[in-house]
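Colleague: I'm new to reading models like this one. Could you walk me through the words people use for it?

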Amino acid sequence: MTDLRHKTIAGTFCHAPILGEIEILRDALVEIDGEGRIAKVVAAGSAAHAEARTAAEAAGTLIVAPPRSYILPGFVDLHIHAPQYPQLGKALDVPLEVWLQQHTFPLEARYADLAFARRHYSALVGDLIANGTTTALYFATQHVEASKALVDICLEKGQRALVGKVAMDNPDECPDYYRDSSAEEGIAGTKSLIDYVAAHPENHGLVHPVITPRFVPSCTDPLLEGLGELARECGCHVQTHCSESDWAHGYVLDRFGRTDAETLDRFGLMTRRTVLAHSNFLTEGDMDLIHARGAGVAHCPLSNAYFANSVFPLRAALAKGVRVGLGTDISGGPTASMIEAQRMAIAASHMLETGVDPALPQGTRGRPGSRIDFDIAFHLATAGGGDALHLPVGQFAPGYHFDAILVDPDAPGGTMRVWDDIDSDEDALQKIVYTASKANLAAVWIGGRGVAGAL
């Protein structure tokens, strides 16, 4: 059974709706309505549970998850460069500005060819779904038609997605062969994609448009001004890079005399629906500003190891009340797996806390109070990402979309072991975060519809 709409599923559900808190719903019932949203969550052991199970059995709508399996919220990936998927795992040995000019821009320019775009976008979306990514925030390319093709593919495959045509017109930082010819063209192309998503006959809220200035260095002032005005008019999501590396952060300071966050806010691009990728070099004032605007950060721990020159101060941002989720940053990060992103978020936080240079005294080697554990990483990959996007995804609660992953610890080719005589349910979740692989993801649902595997 792959379509769970109008059904009740019985199983053990694990989620982290609150930062730092894991909730295990063993032998619970989740009722799903005709729109693929959760209508009711019924805990085990109550009279309501027995009544609901009996009613579902009588109606023939009860679906029982396999023994020993766990159901998790689908992963929310807050930062993906969709056109870069073909170079995943390549060209990670050069600085960011070289990586862009010599490798990335030439690849992205090829998406002017729609056949090329459809082939690679189709592979990406299918692979991400199989890895449990049920909500994806995509940078597309500068090409309007190829960006529309990505929208079509997400709808065809059933992935919840946010798609942005990349706006980039600065001739000093963008190559002649790959940029908007003017600010007006970049704004018009963005508006065209917004209108396309809104009018798409197959789109019933699954795919959303995103205003996407690539990052401040790639945009002229008129383009940033026009995109900010468009954001005010349509209320769309906004995504961009923010203070990613020493070079990018320093460029904006030199050009505007203020930080990335302050500059984006000046242009009207810092909103409740804004997601800022990376943000490694945020100041305390930046964090206060982001919190005040309600914007979110896409923490990309794996790609930061290659291109950012620092570790994002996650704990400091969370202490300021900044909304944070995780991103793979395909292909700056060499994985399409949000499980791997969670693992790296944990590892990076430990390295930031303890430091990495053994030549320094222990007391001066790191940043105290920086580490996180699997519970926070899991929250960021699910409910945290949903909150950053201001979308009802990432947890099992009434009104939320039933976007979920069935994890089978015993799957052939899997990479985890759960021992009934040793491990608790929370132990099993911890093992999923640290040791599961794609083979252990037995089924994926988005909006109650099966999109990968089978129950």
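Modeller: Sure, let's begin with accessibility: a residue is buried under 20% relative accessible area, exposed over 50%, and partly exposed in between, using a 1.4 Å probe and protein chains only. This is a predicted model, so local features need pLDDT of at least 70 and side-chain atom pairs count only at pLDDT 80 or more, while totals for chains, interfaces and linings use all residues. Residues are numbered from 1 along each chain as its sequence is written, and side-chain values use heavy atoms, leaving out hydrogens and water.

Colleague: Why is Arg26 called partly exposed?

Modeller: Its relative accessible area is 42%. That value falls between 20% and 50%, so "partly exposed" is the right label.

Colleague: What makes Asp425 and Arg26 a salt bridge?

Modeller: The rule asks for a side-chain nitrogen of Lys or Arg within 4 Å of a carboxyl oxygen of Asp or Glu. Here the closest N and O atoms are 2.8 Å apart, so the pair passes. It links distant parts of the chain: Asp425 is in helix α14 (residues 425-435) and Arg26 in strand β2 (residues 21-32), 399 residues apart. Helices (H or I, at least four residues) and strands (E, at least two) are DSSP runs, numbered from the N terminus.

Colleague: And is Asp425 buried or exposed?

Modeller: Asp425 counts as buried, because its relative accessibility is 16%.

Colleague: What makes Glu108 and Arg214 a pair that ties parts of the chain together?

Modeller: Their side chains meet in a salt bridge, 2.8 Å from N to O. Glu108 lies in helix α2 (residues 96-109) and Arg214 in the loop between β10 (207-213) and α6 (221-234), so the bridge joins parts that are 106 residues apart in sequence. Glu108 is buried because its relative accessibility is 0%, and Arg214 is buried at 2%.

Colleague: How do you know that Arg371 and Glu353 form a salt bridge?

Modeller: The N to O distance is 2.4 Å, so the cut-off is met. Arg371 sits in the loop between α12 (338-354) and α13 (374-389), and Glu353 in helix α12, 18 residues apart. Arg371 has a relative accessible area of 36%, so this residue is partly exposed.

Colleague: How many salt bridges does that rule give?

Modeller: The count comes to 21. Some share partners: Arg68, Asp410 and Asp420 are joined into one network that way.

Colleague: Why is Ala16 called buried?

Modeller: Because its relative accessibility is 0%. Ala16 is in strand β1 (residues 8-18). Leaving aside neighbours within four places in sequence, Ala16 has contacts (heavy atoms within 4.5 Å) that include Glu21, Asp375 and Phe378.

Colleague: Now the whole chain. What makes its radius of gyration agree with a compact globule?

Modeller: That radius is taken over C-alpha atoms, and the globule rule is 2.2 Å times the number of residues to the power 0.38. For 455 residues the rule gives a value near 23 Å; the chain has 22 Å, so the two agree. The C-alpha atoms fill a box of roughly 65 × 60 × 40 Å along the principal axes.

Colleague: How many helices and strands are there, and what share of residues is buried?

Modeller: The chain has 14 helices and 17 strands. Buried residues make up 58% of the 455. Among contacts with a separation of 6 or more, 73% come from residues 24 or more positions apart.
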